[in-house]
Amino acid sequence: MSKKTYPSSAEAQLSLGFGNDIPTQRLYFAVVPEPEVCERIGELAEALRSEHGLQAVLTGEEVPLIILQHIGDFAGVNARLLGRICQAARKVQRPAFEVCFDYVGSLPGDGRYPFALQCGPGADLLLDLQVDILKAMQPVLGRIRPGLPPHIPMLTDSRQVAEQPVQSMRWLVREFVLLRQFLGQDREELEGIWSLG
């Protein structure tokens, strides 16, 4: 599985959010695993799809991500708001840390259940990072509801699958990113990247 690269915000055309109020874009913070870990996650997703008869496996064009925190869905992202979000994210100061994703299982859903790779050792440090992001965003966006515990979505299905251990995926988290997802499209753009350490 190849690692997808994201165009920078400087290369992206920013929507000002005028007119249509139907959400077309989503902002969220995430952690991107190291390239060799992404490769192994793709192989694991394929094996689990076959084992459990699940659907919507990650394709070679998608990057496995640790979803840290959704910021919101927007009809368009105002450039000024985006700048304030990025400025607030710079306040998050935390050392780099190691994580180990070593089990899978279905997460809560509404008829479609994400089947996700989940974190054992290091989960508390990912949750601390999530909390720091929420605190940093509060002056800009008000209170944001915490998301699910940090996880890596791999598959989706109408059936729930019980937790099971898998071969560990271990690496050092050195940075987190802000991504803009275009809803209904296979397209994301990198809006910011911040180092830990």
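Me: Let's fix a term: buried means under 20% relative accessible area, exposed over 50%, and partly exposed in between (1.4 Å probe, protein chains only). Does phenylalanine 176 count as buried or exposed?

Reply: We're looking at a predicted model, where local features need pLDDT of at least 70, side-chain atom pairs count only at pLDDT 80 or more, and totals for chains, interfaces and linings use all residues. Residues are numbered from 1 along each chain as its sequence is written, and side-chain values use heavy atoms, with hydrogens and water left out. Phenylalanine 176 has 0% relative accessibility, so it counts as buried.

Me: How many helices and strands does the protein chain have?

Reply: Helices (H or I, at least four residues) and strands (E, at least two) are DSSP runs, numbered from the N terminus. Reading from that end, the elements go β-α-β-α-β-β-α-β-β-β-β. The tally for the protein chain is three helices and eight strands.

Me: How far apart are the end C-alpha atoms of helix α3?

Reply: The expected span of a helix is 1.5 Å times one less than its number of residues. For the 19 residues of α3 (123-141) that gives 27 Å, and the model agrees, with the end C-alpha atoms apart by 26 Å.

Me: Which residue just after α3 takes a positive phi?

Reply: Inside the helix, Leu126, Leu129 and Gln130 are among the buried residues. Just past the end of α3, the chain takes a phi of about 80°, and the residue doing that is glycine 142.

Me: Which element gives the largest share of the largest nonpolar core?

Reply: A nonpolar core is a set of buried Ala, Val, Leu, Ile, Met, Phe, Trp, Tyr and Cys residues joined through side-chain atoms within 4.5 Å. The largest one has 47 residues, and Phe29, Phe101, Leu117, Met137 and Phe176 have the most contacts inside it. Seven residues, the largest share of this core, come from α3.

Me: Back to the aromatics: is the pair of phenylalanine 29 and phenylalanine 176 stacked or tilted?

Reply: Rings of Phe, Tyr and Trp (its six-membered ring) pair if their centres lie within 6.5 Å; planes under 30 degrees apart count as stacked, over 60 as edge-to-face and the rest as tilted. A search of the whole structure turns up four such pairs. Here the centres are 5.9 Å apart and the planes sit at 55°, so the pair of phenylalanine 29 and phenylalanine 176 is tilted.

Me: Which residue joins Phe29 and Phe176 in one aromatic cluster?

Reply: Phenylalanine 176 in β7 also pairs with a residue of β8 (188-195), 18 residues apart. The centres of those two rings are 5.3 Å apart with planes at 25°, so this pair is stacked. The residue that completes the cluster with Phe29 and Phe176 is Trp194.

Me: Which residue's backbone oxygen does the side chain of histidine 151 reach?

Reply: Histidine 151 lies in strand β5 (residues 151-157) and, at 8% relative accessibility, counts as buried. A polar contact is a pair of N or O atoms within 3.5 Å; within protein, one must be able to donate a hydrogen and the other to accept it, and residues adjacent in sequence count only if both atoms are side-chain atoms. At 2.9 Å, the side chain of histidine 151 reaches the backbone oxygen of proline 149.
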